[in-house]
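Reader: Could you take one part of this model and walk me through it closely? I'd like to see how that part sits with its surroundings.

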Amino acid sequence: MPLDVVYYGHPALRSKGKKIEKIDASIHEFADQMIQAMYHYEGCGLAAQQVGRSLQLAVIDVVEGMKSRPSKAWQHGKPLDIESIMPLVIINPEIIPVTQKTSYEIEGCISIPEVYAKVKRPARVKIRYQSLEGNLLEIEAEGLLARAAMHEVDHLHGILFTDYLSPKELQEHQAILKRLAQRNSVF
Ligand SMILES: [Zn+2]
């Protein structure tokens, strides 16, 4: 059984994740379950908050998405084969924008099904994180990987992509958002 996901309106989505001090067997197991859940729910990323855990851990896989939404990445200044690092587990991650340029693209969220909207974000960022092996790594990315990482790191701080929408845009999705908030109490 995949992990249960919580939906828009659930308090877990507004909690800031606790820093992971020790990457032990339980964290490895949790990361595996997160990856399985991400594939099950067909998202390109999933954060711990979305399964009701307040931890600084998220998983990403943009391989499918990259077919229609290109992405580039670099490590130590050299181009990186994105497929080779997927699925990606990011622990205690940080995002550092490296350009003033922005990109304005569609986003969706496993916790907010049926809602899609454009969000403005930095076009290129550094993603600094710890791997499951405990190594401190840094990847520079643009395109879908950069966007997915920013969306997931937002989750780890209790921020949702809908927080960036204008009141008018939010209004357009109000009926669905209300229905989702009710869904939390059903499951
Ligand atoms: Zn999300």
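Author: What follows is a look at helix H2 and the parts of the chain around it.

Keep in mind that this is a predicted model. For orientation, the chain has four helices and nine strands, and read along the sequence they run α-β-β-β-β-β-β-β-β-β-α-α-α. H2 covers residues 144-156, right after strand S9 (136-143).

Start with the helix on its own. Its 13 residues, at 1.5 Å each, should span 18 Å, and the end C-alpha atoms do sit 18 Å apart, so the expected and computed spans agree. Just past the helix, Gly158 takes a positive phi of about 80 degrees.

Now, how covered is H2? Mostly: 13 of its 13 residues are buried. Set that beside the whole chain, where 35% of the 187 residues count as buried.

That burial goes along with a big share in the largest nonpolar core, a set of 46 residues. H2 gives the most to this core, with eight residues. Other elements that each put in at least two residues include helix H1 (25-40), strand S2 (57-60), strand S5 (88-97) and strand S8 (124-130), and S9 is another of them. As for the residues with the most contacts inside the core, they are Ala58, Val59, Ile60, Leu145 and Ala149.

Ala149 is a nice one to zoom in on. Leaving out residues up to four places away in sequence, Ala149 touches Ile60, Ile95, Val125, Ile127 and Ala141. Contacts between distant parts of the sequence show up across the chain, too: of the contacts with a separation of 6 or more, 72% are between residues 24 or more positions apart.

Next, follow S9 back from the helix. S9 pairs with strand S3 (residues 71-75) in the antiparallel sense over four bridges, with Ser71 standing opposite Gly143 of S9. S9 also pairs with S8, again antiparallel, over seven bridges; there Tyr129 stands opposite Leu137. Five residues lie between the strands in the S8–S9 hairpin, and among the residues of that hairpin Gly134 takes a positive phi near 90 degrees.

Finally, step back to the chain as a whole. A compact globule of 187 residues would have a radius of gyration near 16 Å, and the chain has 16 Å, so the two agree. Along its principal axes, the C-alpha trace spans about 45 × 40 × 25 Å.

Terms used:
Residues numbered from 1 in each chain as written. Predicted model: local features only at pLDDT ≥ 70, side-chain atom pairs only at ≥ 80, totals over all residues. Core = buried A, V, L, I, M, F, W, Y, C linked by C-beta atoms within 7 Å. Buried ≥ 20, exposed ≤ 12 C-beta atoms within 10 Å, placed from the backbone. Contact = placed C-beta atoms within 7 Å. Pairing = 2+ DSSP bridges. Expected span 1.5 Å × (residues − 1). Rg over C-alpha atoms; globule rule 2.2 N^0.38 Å.
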